[in-house]
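Me: Please take a close look at one packed part of this model. Start with a single side chain if that helps, then go on to the main site. Keep it brisk.

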Amino acid sequence: MKEAKTQVNKVLNKLIPLYAHVPIGIKYVTPFQLVVGVILSAQCTDERVNQVTATFFDDFQTAQDFAQLSQAKLEKMIKPTGFFRNKAKNILGAANMILHDYQGVIPNSMKELIKIPGFGRKTANVILARLYEINEGVCVDTHVMRLSQRLRLTKHKDPIRIERDLMAITSQKHWETLSHCLIWHGRKVCKARKPNCTECVLNKICPFAPAPFAGSSV
Ligand code: SF4
C-alpha cells in the first residue's frame, strides 16, 4: 500500500502538468448533453460520439427535449455510435426519470445516479465530477484499467476492485484528476497494443517499461 501511494503520487506529479488542463473528450453544452455523450461513449470513441451529437445537439439540449423523441427516431440519430438500440433505450429512460423523478435536474449523489438507466459507477463518477465537482470515486474505463495495472497501482482486473484500490492510495481531491490523466495518457502514449515507452514521461517509474528504462529511478 505504501509503495502504491508513493507510486501514484509520482504518476500524478508527471501527468498533471500534461493533462489536467485538457478538457474531457466528449463535447457538450448542457448537463443532459453530457449524460447523452457519456451513454453514447460506451464502446465508441469520443471523436465518433462528437461527430454524431453535433448533428442534433443544437435542437436537443434538455431531458425534456430527449424525452419527446420516439425510440425509433433516437435510434436513427445515434446509430453510428453502435449498440444504438440499448443506448437509445437508456437515453430515453434517463431523460424520463430525470424529468419526472428529479424535476429535470440531474441528481448529485452516487446513490441516486446509479438508479438511472444506463448509469454505472463509471458514468456516475464522470457526471458528479464534471457537473458538481464532487469526487465520489475514480472513473475506471479501459485506459484506467490498463495503466493502473502497468504502473502497479493495482493487482486487480475487475473495475470495482481497481476503483477501490485507486481510492485507497490517492487523496480524494485527486480522484477525478487521476482518472482524467490516466485516460488521456492511455489514449496518447500508453496505448493498449503499442505503448510508446520511449517517449513516455513515466518510463523511469514504470515497471512495465522495457530496459533500459524500467525502474531506473523508482
Ligand atoms: S512506460 Fe510504457 S507501459 Fe509504462 S506508462 Fe509509459 S507507455 Fe505505458
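Reply: Contact here means heavy atoms within 4.5 Å. The model is predicted. Start with one residue under that rule. Gln33 touches Tyr28, Phe57, Phe60 and Gln61, leaving aside residues up to four places away in sequence. Gln33 belongs to helix 2, residues 31-40. Its relative accessibility is 2%, and the cut-off for buried is under 20%, so Gln33 counts as buried. Its side chain has a polar partner too. A polar atom of the Gln33 side chain lies 2.9 Å from the backbone oxygen of Phe57. Phe57 is also one of the residues that Gln33 touches.

Now the main site: helix 9, residues 142-150. Begin at its N-terminal end. Asp141 caps that end. A side-chain oxygen of Asp141 sits 3.0 Å from the backbone nitrogen of His143. His143 itself is buried. So are Val144, Arg146, Leu147, Ser148 and Arg150 of helix 9. Two arginines, Arg146 and Arg150, are thus on the buried list. What do the buried residues of helix 9 pack against? They pack against helix 10 and helix 11, the latter spanning 175-188.

Take the helix 10 side. Helix 10 covers residues 159-169. The axes of helix 9 and helix 10 are 11 Å apart, at an angle of about 60°. Roughly perpendicular begins at 65 degrees and roughly parallel ends under 35, so this pair is oblique. The crossing of helix 9 past helix 10 is left-handed. Which residues make the contact? Helix 9 supplies Val144, Met145, Ser148 and Gln149. Helix 10 supplies Pro159, Ile162 and Leu166. By class, these residues are 5 nonpolar, 2 polar and no charged. The polar ones are Ser148 and Gln149.

Helix geometry helps here. An α-helix has 3.6 residues a turn, so residues three or four places apart point the same way. Val144 and Ser148 are both in the helix 10 contact, and both are buried.

Last, the exit. Just after helix 9, Arg152 takes a positive phi of about 60°.

Notes. Residues are numbered from 1 along each chain as its sequence is written. This is a predicted model: local features need pLDDT of at least 70, side-chain atom pairs count only at pLDDT 80 or more; totals for chains, interfaces and linings use all residues. Side-chain values use heavy atoms; hydrogens and water are left out. Helices (H or I, at least four residues) and strands (E, at least two) are DSSP runs, numbered from the N terminus. Buried means under 20% relative accessible area, exposed over 50%, partly exposed in between (1.4 Å probe, protein chains only). A polar contact is a pair of N or O atoms within 3.5 Å; within protein, one must be able to donate a hydrogen and the other to accept it, and residues adjacent in sequence count only if both atoms are side-chain atoms. Axes are lines fitted to C-alpha atoms, for helices over the stretch in contact, and angles run from 0 to 180 degrees between N-to-C directions. Angles under 35 degrees count as roughly parallel, over 145 as roughly antiparallel, 65 to 115 as roughly perpendicular and the rest as oblique. A crossing is left-handed if the near helix is turned anticlockwise from the far one by less than a right angle, and right-handed if clockwise.
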